[in-house]
Amino acid sequence: MSSDGEAGDGPERPSAPADDAREARPVQLPTAVYPGWDAIYDDNVTRLYRLMHSKVGNRPDAEDLTSQVFVAALKSLRPTATIGEVRAYLLATARTVLAGHWQRTLGRQVTLIDVDATDLDGFTQPASSQSSNKAVDHATRILAALPERHRRILVLRFLHGYSIREAAAEMDITVTNAKVLQHRALRKAAGLDPEWSELRPADSE
Amino acid sequence: MRSPADRYVNRLLDDRRPHAFAASADDAGCIRAAIELLDCRVASPTDAFRSRLRRSLSRV
């Protein structure tokens, strides 16, 4: 696994379970140094998982990719790297791992990690994070450009977690119609419908 | 509507691992839009995953 980081080699390996200490980490400056691999893991596992989940949209793949990032980084990180260097290295590794995932699964990059525009700090607290708010704003802009019925099916399915059957019942349509509606709504949301492509908000990626 | 992209998105909605397929640019656009919408959902690693990964890293 190649990465852009220069965080060195030979870290201490994480010791087996010490999960009780994983959440309580003091605020640290980026120039500070982690006391060891356990601290690197504890401070970054949730951030990396959320970053990966935001890029692939499902738990099993997010878990696999997070694991791959740590396994790759473990070989190269040196314990004297600063927190900022460690996070930059993890981010660069995550970018490489994500690119490999898309090439293997769909043969093209669907989402990417812009290491210059992404900060792992934004993935600390999902409820109040800047990243989460940006995601909501972005989704709101996408949905706002859609016709009511298309917006409704996507809100029910993606934001409220309804099954296709539940969404169909809520909208008083057949399951088949709900599937067709979801398909067409997603195409519009993706800007693939020519008459709607100009309405899609500009992507950050 | 039984395209691979639809099946892929429906598995995302069920929080299951989607199946690999050779995606067209249109497929990728739909899947990207789905992921962007799903990004609103709060995602946190489970305790089981955290513990499992920590154990596996300790053996590397």
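Start by selecting A:Trp37, A:Tyr41 and A:Phe70, which together form one aromatic cluster. Keep in mind throughout the tour that what is on the screen is a predicted model. Aromatic contacts can be followed further, since the structure holds four aromatic pairs over all chains. For one of these pairs, select A:Tyr49 together with B:Phe49, whose rings are tilted with respect to each other, at 6.0 Å centre to centre and with 45 degrees between the planes. Because A:Tyr49 belongs to helix H1 of chain A, residues 37-56, while B:Phe49 belongs to helix H3 of chain B, residues 47-59, this pair joins two chains. If you colour the model by accessibility, you will find that A:Tyr49 is buried and that B:Phe49 is buried as well.

Now widen the view to chain A as a whole. Chain A has seven helices and zero strands, and read from the N terminus on, its elements run α-α-α-α-α-α-α. Of the 205 residues in chain A, buried residues make up 51%.

Next, return to the contact between the chains and select B:Arg54 with A:Asp38. These two residues form a salt bridge, in which the closest N and O atoms are 2.9 Å apart. Since B:Arg54 is part of helix H3 of chain B and A:Asp38 is part of helix H1 of chain A, this salt bridge also joins two chains. Which of the terms buried or exposed fits B:Arg54? With a relative accessibility of 0%, B:Arg54 counts as buried. A:Asp38, on the other side of the bridge, has a relative accessible area of 22% and is therefore partly exposed, given that the buried class is reserved for values under 20%.

Salt bridges can be traced elsewhere too, as a search of the whole structure finds 14 of them over all chains. Select A:Arg59, A:Glu63, B:Asp15 and B:Arg52 together, and you will have a network of residues linked by salt bridges. Then move to chain B and pick B:Arg16 and B:Asp14, whose side chains meet in a salt bridge at 3.4 Å, N to O. B:Arg16 is partly exposed, at 39% relative accessibility, and B:Asp14 is likewise partly exposed, with a relative accessible area of 44%.

The next stop is helix H5 of chain A, which covers residues 148-159. Select A:Glu148 and A:Arg151, which form a salt bridge with their closest N and O atoms 2.8 Å apart. Both residues lie in this helix, three residues apart, which is about one turn of the helix. A:Glu148 is partly exposed at 47% relative accessibility, and A:Arg151 is partly exposed at 25%. Other residues of helix H5 in chain A are buried, among them A:His150, A:Ile153, A:Leu154 and A:Phe158. Follow the chain past the helix to A:Gly161, which comes after H5 of chain A and has a positive phi, near 70 degrees.

From there, select A:Val69, which has its place in helix H2 of chain A, residues 59-74. A:Val69 is buried, its relative accessible area being 0%. Add A:Ala92 to the selection and draw a distance between the C-alpha atoms: the two residues are 23 residues apart in sequence and 9.3 Å apart in space.

Make a similar selection with A:Thr111, found in the loop of chain A between helix H3 (83-105) and helix H4 (130-144). Is A:Thr111, in this loop, buried or exposed? A:Thr111 is buried, with a relative accessible area of 4%. If you add A:Ile142, which is 31 residues away along the chain, the C-alpha atoms of the two residues turn out to be separated by 17 Å.

Finish on the surface by selecting A:Arg165, A:Lys179, B:Arg2 and B:Arg7, which form a positive surface patch. Within this selection, look for B:Arg7 in helix H1 of chain B, residues 4-13. B:Arg7 counts as partly exposed, at 42% relative accessibility.

Methods
Residues are numbered from 1 along each chain as its sequence is written. Chains are lettered from A and ligands numbered from 1 in the order in which they are written. This is a predicted model: local features need pLDDT of at least 70, side-chain atom pairs count only at pLDDT 80 or more; totals for chains, interfaces and linings use all residues. Side-chain values use heavy atoms; hydrogens and water are left out. Patches are made of residues with over 30% relative accessible area and no salt bridge: like charges are joined within 9 Å, nonpolar side chains (Val, Leu, Ile, Met, Phe, Trp, Tyr) within 5 Å. Accessible areas come from the Shrake-Rupley method with a 1.4 Å probe; for residues, only the protein chains shown count as cover. A salt bridge is a side-chain nitrogen of Lys or Arg within 4 Å of a carboxyl oxygen of Asp or Glu. Lys and Arg count as positive and Asp and Glu as negative; His and the chain ends are not counted. The place of a charge is taken as NZ of Lys, CZ of Arg, CG of Asp or CD of Glu. Helices (H or I, at least four residues) and strands (E, at least two) are DSSP runs, numbered from the N terminus. Buried means under 20% relative accessible area, exposed over 50%, partly exposed in between (1.4 Å probe, protein chains only). Rings of Phe, Tyr and Trp (its six-membered ring) pair if their centres lie within 6.5 Å; planes under 30 degrees apart count as stacked, over 60 as edge-to-face and the rest as tilted.
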